[in-house]
Amino acid sequence: MDMILAAEMVAVMAKMPVVANADHAPLEGGEDPAFGTVRWRTLFDADRTATSGMVMGVAEFGPEGTLLPHRHGPAEIYFGLAGRGTVTIDGVAHEMAPGVALFIPEDAEHGTVAGDEGLRFLYVFPRDRFSEVEYRFSAAAMMAEAGSVG
């Protein structure tokens with residue numbers, strides 16, 4: 001009987017709104033030079049919040065900050081919040097600024113360079129968990145290929 005009650009509570013909670021405050025989310029990243037200097041705050045993620053179907057967070061770049069070129073299986077959306085920068089998608093540069101939205105197709109190579117004042121944008125993945133997004137960095141792939149050739 002307790003299992004049925006627990007399952008009903010989970011079903012009810014799944015239909016309730018979830019509120020996240022970016023100021024209270026931990027700031028992650030920025031320590032690994034293999035992917036750049038970007039830091040992020042994950043707001044919705046099934047491992048952290050009672051949510052599913054989407055991962056959402058805020059990427060934060062200092063002046064001239066970077067997210068090195070990479071690919072991942074799910075498509076992604078960026079929405080500019082503050083600052084300016086350039087997001088290069090499959091070799092084409094796109095300005096990122098407040099109010100600008102970019103759709104990044106599945107497996108498209110993309111990277112970001114912030115402007116002089118830094119950059120903040122919202123990111124969204126159609127996944128339950130951020131851990132389900134496998135980043136494949138272009139420089140790491142080229143180094144692995146070079147090592148296996150020689």
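Which residue in the turn of the hairpin formed by β5 and β6 has a positive phi? In this predicted model, the residue is Asp90, whose phi is about 50°, and the turn leaves two residues between the strands β5 and β6. The pairing behind this hairpin is antiparallel, with five bridges joining β5, which covers residues 76-89, to β6, which covers residues 92-96. One of the pairings places Thr86 opposite Glu95, its bridge partner in β6.

Positive phi values also occur at two loop residues, neither of them glycine, namely Glu64 and Asp107. Their values are set out below.

| Residue | Phi | Loop between | Relative accessible area |
|---|---|---|---|
| Glu64 | near 60° | β3 (55-61) and β4 (66-71) | 44% |
| Asp107 | near 65° | β7 (101-104) and β8 (110-125) | 31% |

With a relative accessible area of 44%, Glu64 counts as partly exposed, and its place is in the loop that links β3 to β4. Asp107, found in the loop between β7 and β8, is likewise partly exposed, because its relative accessible area of 31% falls in the range between 20% and 50%.

As for confidence, the protein has an average pLDDT of 89, and 85% of the residues score at least 70. Over residues 143-150, however, the pLDDT is below 50, and this stretch makes zero contacts in the model beyond near neighbours in sequence. Where pLDDT is low, the predicted coordinates should not be read in detail.

Methods:
Residues are numbered from 1 along each chain as its sequence is written. This is a predicted model: local features need pLDDT of at least 70, side-chain atom pairs count only at pLDDT 80 or more; totals for chains, interfaces and linings use all residues. Side-chain values use heavy atoms; hydrogens and water are left out. pLDDT is the predictor's confidence in each residue, from 0 to 100. Contact means heavy atoms within 4.5 Å. Helices (H or I, at least four residues) and strands (E, at least two) are DSSP runs, numbered from the N terminus. Buried means under 20% relative accessible area, exposed over 50%, partly exposed in between (1.4 Å probe, protein chains only). Two strands pair if DSSP finds at least two bridges between them.
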